[in-house]
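Please work through the following exercises with the sequence and the model side by side, and try each task before reading its solution.

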Amino acid sequence: MEKNLIVRGAPQEFECKIGAWQALGEHLERRQIRRVLVVHGDASWVKAKRFFPELTGVDVTFEAYRGACTFEERDRVSMIAKTVGAEAIIGVGGGKVADLVKAIAAHATLAVVILPTLAATCAAWTPLSVMYDARGEMLQYDVFARSNALVLLDPEVILDSPIELMIAGIGDTLAKWYEADVIISQLAERSVEIEISHYTAKLCRDILLAASEEALDSMRDGKLSEAFVKVIETNIMVGGMVGGFGDDYGRTSGAHSIHDALTVLDATHHILHGNKVAYGVFVQLMMEGRRDEIASLIPFYEKLGLPTCLHDMELADLSDSALERVATRATAPDETIHLMPGVITAHTVLDAIKDLEAFIVKTRAEV
């Protein structure tokens, strides 16, 4: 039997439909919430505010976040929520906004409502926040005891979002299968919760491999399609269910440890989260000795524009000392890379990074 597994399967309520945001007032009324703080981004808000409804009978305060999910920003906005007497906090934006409002809600004991403007992560779904420092280095992730109260997903909002963030979301969500499977496959027996986690992880992979190209074509054309809706729900909902039911058995292992490690280098801070995770999948597979799986994924990665190697992220010139820093950080004692089988050392990771570069060069030369 698995140890320390807590199911956090879903928000209290979730709705995905065109015009979903317009029902926000009704949802607040049902919850008897009359004073809210709306936290939003900058660029995303320019596009999203036309979808945001008029909230009659509700006292609304708007606040732009300062671009990062840090403890300092959590405390700053928590003070604003306290000052205005907010009964709920509403996040309108991408993953960083979602993580920030969840951290604020937990800190200030408020209900949290999330209106995602991107489908780049499952942050809108999951009751946890990834916390960073002011430099952009990942510090920790905090899991909360209360589920998100409400998530309203409007496909038309996501359709108008930057396509490169959708692609990064696909990379991040594809990792769900590889990271969960390498952990769960080690279990001699699996509880029902673990089986659900494993199933939804595979569902992520299957849907994304089948529907991503059509979904991205829909974005380019500005037209909704079944494939597009499937992919955004996969990135947000299905991806969130993997960790929601599997807990530590379904969250992260090798790929996200590589992502976390890359954040120690300033040269990587401009690279999208999902792109670093997608690269981390290949490093993880190299550590597992699964070169055939890497080879099978390369065409998919290249069609979408996901990075297969350091060269694709314009990091080919990283020094040996920089790579050693990454490998050391990836294998820090608290990193989830150690959930993979065997003993994973900094040397293991460094070899995998270098072997992956050589493998990609060789594979491309043979095409």
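A residue is called buried when its relative accessible area is under 20%, exposed when it is over 50%, and partly exposed in between, with a 1.4 Å probe and only protein chains considered. This is a predicted model, in which local features need pLDDT of at least 70 and side-chain atom pairs count only at pLDDT 80 or more, whereas totals for chains, interfaces and linings use all residues. Residues are numbered from 1 along each chain as its sequence is written, and side-chain values use heavy atoms, with hydrogens and water left out.

**Exercise 1.** Decide whether T263 is buried or exposed, and find what it touches.

Solution. Begin with the location: T263 sits in the loop that runs between α9 (254-262) and α10 (273-287), where helices are DSSP runs of H or I with at least four residues, numbered from the N terminus. Next, apply the cut-off: T263 has 1% relative accessibility and therefore counts as buried. Finally, list its contacts, meaning heavy atoms within 4.5 Å: leaving out residues up to four places away in sequence, T263 touches G136, E137, M138, T268, H269 and K276.

**Exercise 2.** Classify R291 by its accessibility and place it in the chain.

Solution. R291 belongs to helix α11, which covers residues 291-304. Because its relative accessibility is 38%, R291 counts as partly exposed. When residues up to four places away in sequence are set aside, R291 touches M286, D355 and F359. By contrast, the C-alpha atoms of R291 and K49, which are 242 residues apart along the chain, are separated by 46 Å.

**Exercise 3.** Describe the largest nonpolar core and say which helix gives the most to it.

Solution. Such a core is a set of buried Ala, Val, Leu, Ile, Met, Phe, Trp, Tyr and Cys residues joined through side-chain atoms within 4.5 Å. The largest one has 99 residues, of which I89, M166, Y279, F282, I294, Y301 and V349 touch the most other members. Helix α6 (residues 163-184) gives the most to this core, namely 11 residues. A second, separate core holds 23 residues, including A20, I33, V36 and F52. Returning to Y279, its contacts beyond four places in sequence include I258, L262, P307 and L356.

**Exercise 4.** What share of the residues of the chain is buried, and what share of its contacts joins residues at least 24 apart?

Solution. Of the 367 residues, 57% count as buried. Among contacts between residues at least 6 apart in sequence, 76% join residues at least 24 apart.

Terms used
Helices (H or I, at least four residues) and strands (E, at least two) are DSSP runs, numbered from the N terminus.
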